[in-house]
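Open the viewer and keep the selection box ready. Each stop below says what to pick and what sits there.

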Amino acid sequence: MTIPVTTPVTMPASLPGRASGRLRGSGMRGSRRRASLPVNPEADGQMPDRLPAILRPRRRTFALNLALVLAIAVSVGFLSAYFAVERGPAFGTLNLGVWEARPSQGTREADPYSAATHARTGRVPLADGEGLVFLARTDSSGALLSPACDYVIAGQAAPARLWTLVPLDAGLRLVATQGPRAGLDSRHLLRRPDGEFTVTAAARARPGNWLPTAADAAGLVFALRLYDTPLTTGTGVANVPMPSIFRGDCR
Amino acid sequence: MSARTSDRGFWREVLDGTLPVRAAMILLAGLFLGGIIHVVTVLGVPAHVPQTAYARISAFGPDGVFNRLPDVVPGAEPLPMLDPTMLHAACRFDLGRGPLKIEAALPPPFWSFALFNARGQAIYSLNDRTSGSGGRLDVLVITTEQLSVLRENPPEGLEDLIVIETDETMGYALLRAFDGEPLRRDIVEAALAEARCTVLAQQ
């Protein structure tokens, strides 16, 4: 082997730009001391050594990578946490028609998202020995409930010793209505002989079972609270009747 | 010149695949770390809420007695998501001062009782049908250590009490009584005013 590593290597003029980073910026380009280039013995010293990409010296710093990682982590972590807590993923939701309940909400068995959402709002849950709150945000056709519309809530409620039906706004707050009472309850309800009932939710008084709502409220959610219901023990969830909600006139 | 060479280095990295790999690594590391932040944040929320129901109840009267919460009316709900057709009374307790005895005799048609911890989570609940003593509520809330002390010298009538053993020392008890008939409201109000929430002395 007579490859003279120390002899000057002749290089095409176009090569230095592609050479390894050790040369770059060292001020040696003009000095013709190309002998210090690492040469590739496999190529008879005719080509400068190209290190594999992974071994090439890094110019972009560790600090920049760390900053990028942290920026992604902070934005992804906090934004996703905020939206998860704000919207609340529907783990353990019990859906009966348009009515939605979260039996574990407000208990120590609640999932962390539900617990965080619940703690932030400071709401008082109905514990399982007391009853279960069902919320309806849409009518039976799937359209969002609007405070400007009248609704007919008809059918039968799930078995419970007592239930109350109260209109709320989108933030689940009570709204001031023209009615003398805030809601309806199962003990003061006109029913047909077959046990079915028809409730009219409207801002103005209606004959029959009138549930007063507020036309100027921010959103409309119906809260049906079933007290002392077998649903909280998880028995007989199948084929449980719940009232349907139909939209009437809108202003 | 340096701009040109770093530019060339950039394109070389794009071409030989270093840059996409590195970007993917940075993204993956960011997502993993973001996942940890997400979990820690969500789990940490309940402990860092200033306006818990437990904190708000202190506005309605002293601790250790049942305070009648104001009527649930629009714009002035004492606590969020209370039923406006119910009358409520709440008692904040601290089991560090001794076991808590809760007594109430509420009228039909419906009442319910629930215990919440300081974070607002329900730890025990019953209603007038499940209370098992004809509409009377007799409950003893007690920690495990206090119960072991109590067993050595049981007070009379212990077997008639519902004993709730809990590891939560702070919390509140909430009574709900149905307020359906306006004419019977006075009876319900008087019964709620008679509800007792007393700390038992324990040596």
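The tour starts with chain B as a whole, then visits its sheet, a loop, its salt bridges, a sheet in chain A and a surface patch.

**Before you start**

Treat every value as computed from a predicted model.

**Stop 1: chain B overall**

Select chain B and colour by secondary structure. You should find 5 helices and 9 strands. Walk from the N terminus and read off the order: α-α-α-β-β-β-β-β-β-α-β-β-α-β. Now switch to a surface. Its accessible area is about 9,900 Å² for chain B, and 60% of that belongs to carbon and sulfur atoms. Of the 203 residues in chain B, 49% count as buried. Contacts tell you about the fold, too. Take those in chain B between residues at least 6 apart in sequence: 69% of them join residues at least 24 apart.

**Stop 2: the open sheet of chain B**

Go back to cartoon and pick strands 7, 6, 3 and 9 of chain B. These 4 strands form an open sheet in the order 7-6-3-9, with mixed pairing. Which strands are at the edges? They are strand 7 (162–165) and strand 9 (196–199) of chain B, each pairing on one side only. Neighbouring strands of this sheet are turned against each other by 20° on average, direction ignored.

Zoom in on strand 6 (residues 136–142) and strand 7 of chain B. They pair in the parallel sense over 4 bridges. Show B:Val141, and you will see it opposite B:Ile164 of strand 7. Next add helix 4 (residues 144–152) of chain B. Helix 4 lies across strand 6 and strand 7, and runs at about 105° to strand 6.

**Stop 3: a glycine in a loop**

Select B:Gly96. It is in the loop between strand 2 (86–94) and strand 3 (100–105) of chain B. Is B:Gly96 buried or exposed? Its relative accessibility is 63%, so B:Gly96 counts as exposed. Now draw a distance from its C-alpha to that of B:Gln146. The viewer should give 9.5 Å, although the two residues are 50 apart in sequence.

**Stop 4: salt bridges**

Over all chains, a search of the whole structure finds 19 salt bridges. Begin with B:Arg185 and B:Asp71, whose side chains meet in one at 2.5 Å, N to O. This pair links distant parts of the chain, 114 residues apart. B:Arg185 belongs to helix 5 (residues 185–193) of chain B, while B:Asp71 is in the loop between strand 1 (67–68) and strand 2. Both ends are partly exposed: B:Arg185 has a relative accessible area of 23%, and B:Asp71 comes to 32%.

Stay on B:Arg185 and add B:Asp179. They also form a salt bridge, with the closest N and O atoms 3.4 Å apart. B:Asp179 counts as buried because its relative accessibility is 17%, and the cut-off for buried is under 20%. Now select the wider group. Shared partners join B:Arg68, B:Asp71, B:Asp179, B:Arg185 and B:Glu189 into one salt-bridge network.

Move on to B:Arg119 and B:Glu168. Their side chains meet in a salt bridge at 3.6 Å, N to O. B:Arg119 is in the loop between strand 4 (111–117) and strand 5 (122–127) of chain B, and B:Glu168 is in the loop between strand 7 and strand 8 (170–178), so the pair ties together parts 49 residues apart in sequence. Check their cover as well. B:Arg119 is partly exposed at 37% relative accessible area, whereas B:Glu168 is buried at 13%.

**Stop 5: a sheet in chain A**

Switch to chain A. Select strands 8, 7, 4 and 10. Here 4 strands make an open sheet in the order 8-7-4-10, with mixed pairing. Its edge strands are strand 8 (209–212) and strand 10 (244–250) of chain A, each pairing on one side only. The average turn between neighbouring strands of this sheet is 25°, direction ignored.

Focus on strand 4 (residues 149–155) and strand 7 (residues 197–202) of chain A. They pair in the antiparallel sense over 5 bridges. A:Ala154 stands opposite A:Thr198 of strand 7.

**Stop 6: a nonpolar patch**

Show both chains as a surface. Select A:Phe62, A:Leu66, A:Leu70, B:Leu33, B:Ile36 and B:Val40, which make a nonpolar surface patch of about 580 Å². Helix 1 (62–87) of chain A and helix 2 (18–44) of chain B each give two or more residues to the patch. End on B:Val40, in helix 2 of chain B. B:Val40 is exposed, with a relative accessible area of 56%.

Technical notes. Residues are numbered from 1 along each chain as its sequence is written. Chains are lettered from A and ligands numbered from 1 in the order in which they are written. This is a predicted model: local features need pLDDT of at least 70, side-chain atom pairs count only at pLDDT 80 or more; totals for chains, interfaces and linings use all residues. Side-chain values use heavy atoms; hydrogens and water are left out. Patches are made of residues with over 30% relative accessible area and no salt bridge: like charges are joined within 9 Å, nonpolar side chains (Val, Leu, Ile, Met, Phe, Trp, Tyr) within 5 Å. Accessible areas come from the Shrake-Rupley method with a 1.4 Å probe; for residues, only the protein chains shown count as cover. A salt bridge is a side-chain nitrogen of Lys or Arg within 4 Å of a carboxyl oxygen of Asp or Glu. Buried means under 20% relative accessible area, exposed over 50%, partly exposed in between (1.4 Å probe, protein chains only). Two strands pair if DSSP finds at least two bridges between them. Axes are lines fitted to C-alpha atoms, for helices over the stretch in contact, and angles run from 0 to 180 degrees between N-to-C directions. Contact means heavy atoms within 4.5 Å.
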